[in-house]
Amino acid sequence: MPNSDSRVAVAILTHNRCPEVLRSLERLTSLPEKPAIVLVDNASSDGTVEAVSARYPEVEVIRSTTNLGAAGRNLALLRLNAPYVALSDDDTWWQPGSLARARELFDAHPRLAVATARVLVGPEEELDPTCLVMEASPLAAEPGLPGRPLLGFLAGASVVRREAFLEAGGFNERLFLGGEEQWVAAELASRGWWLCYVPEMVVHHHPSPHREASRRRWHEVRNALWFAWLRRPPSSALACTLWLARTRRFSDMWRGLLAALSGLPRIWNMRRIVPENVEEGFRRLDAMEREHRCGASAERRRKIAGVSP
C-alpha cells in the first residue's frame, strides 16, 4: 500500500465533543492511507479547536462561529481538493484499508457518488442494525454497481465523490440535523449518480454519551415531512405523513409537524418532485419499512403472549 493516498481525504464534523474527536483523530491520523484531514468545528465552547490544534497540527481546523448542523460538512468539502472524501462524525473512524478500497471503487466506477461502509458499534463491534436494512435493499441494481443500491446513506460512515456532492448542493443548512442525507441522496439519484452499500469498507462507531436524542427525533420528523411534501408526489406525501403520525411518538410528531408547517413558506422554493424512476425506488423502500414494522410488531405481540412463531 502506498505511503499516502492523496485521492481520498477525511472530513470530520464536531460540536462540544472534545474527548470523542481526539479519540477518533488518534485512529484517523494513524491510517496507512495517510489522508488529508479537515475538521469542521460547529461553534464548540469546550476547547475542541485548541486541543486539536495542539495535539494534531497536521489536521486542518475550520472554526464555524455558528452551529451549522450537518451543513458544516460542506465547508470541509469546499476546502479539500481530493476527488473523494470520507465523511466522519467525531465518534467514528475508518478501519485501515477501507479508504484505499474506496479509492479503487470510485476510480473504477465513474457514476458512483456515495459508498456507505459497514458500521461496527462499540468495543463489542456489534453490527449496526442499519447495515442489515441496507443489505436487504429492495432497489433494482444497475449492471456494474459495486454494492447494494441505496437511496440514502450514513453521513458519518460514507465516502462521497466530491464533485457530485457539491453539484447536488451538499447538505441544506435549513435541515440542521436529522435525516439530512435523504435530500442529498434524492438529488444525486435524480442526476443519475449511483449510491450503494459496500460492507468490505468498515467504520467503527463508539457512540458519544453526549447526544441530544429528543431534539434529533423531532428534527427527523420535521425533515421527513418536508422531504415528503417537497420532493414526492401528493399521494406519496400523504401516505408518508400518515405513516409518520402512526409510528412516531406523539410529542415528537406534533412538535415536528408544527415546525414543518411553520417553516414551510421559507423553503417552498425547494419544491421539485423527483423523477419517476427515483420515486419508484422510494415507494419500494416505503413498502419495505411498512412490512418490517408490521412484522416486528407481530413478533412483539407473540412474545408478549408467550406464543412461538
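**Reading salt bridges and confidence**

Mentor: Let us begin with E167, which has a relative accessible area of 36% and is therefore partly exposed, a class lying between buried (under 20% relative accessible area) and exposed (over 50%), as found with a 1.4 Å probe on protein chains only. This is a predicted model, in which local features need pLDDT of at least 70 and side-chain atom pairs count only at pLDDT 80 or more, while totals for chains, interfaces and linings use all residues. Residues are numbered from 1 along each chain as its sequence is written, and side-chain values use heavy atoms, with hydrogens and water left out.

Trainee: With which residue does E167 form a salt bridge?

Mentor: A salt bridge is a side-chain nitrogen of Lys or Arg within 4 Å of a carboxyl oxygen of Asp or Glu. E167 pairs in this way with R191, and their closest N and O atoms are 3.6 Å apart. Since E167 belongs to helix α6 (residues 162-167) and R191 to the loop between α7 (180-190) and β10 (194-205), the pair ties together parts that are 24 residues apart in sequence. Helices (H or I, at least four residues) and strands (E, at least two) are DSSP runs, numbered from the N terminus. R191, at 43% relative accessibility, is also partly exposed.

Trainee: How many salt bridges does the whole structure hold, and where do R101 and E104 lie?

Mentor: The search finds 20 salt bridges. R101 and E104 form one, with 3.0 Å between the closest N and O atoms, and both sit in helix α4 (residues 98-108), 3 residues apart, which is about one turn of the helix. R101 is partly exposed at 28% relative accessibility, and E104 is partly exposed at 39%.

Trainee: Which residues are joined into one network by salt bridges that share partners?

Mentor: Start with R284 and E280, whose closest N and O atoms are 3.4 Å apart in their salt bridge. They are 4 residues apart in helix α11 (residues 276-305), so about one helical turn separates them; R284 is partly exposed at 36%, as is E280 at 30%. Salt bridges with shared partners join R232, E276, E279, E280, R283, R284 and D286 into one network.

Trainee: Where does pLDDT stay under 50?

Mentor: pLDDT is the predictor's confidence in each residue, from 0 to 100. Its mean for the protein is 91, and 91% of the residues reach 70 or more, whereas over residues 296-309 it stays under 50. For that stretch the model has 4 contacts (heavy atoms within 4.5 Å) beyond four places in sequence. Where pLDDT is low, predicted coordinates should not be read in detail.
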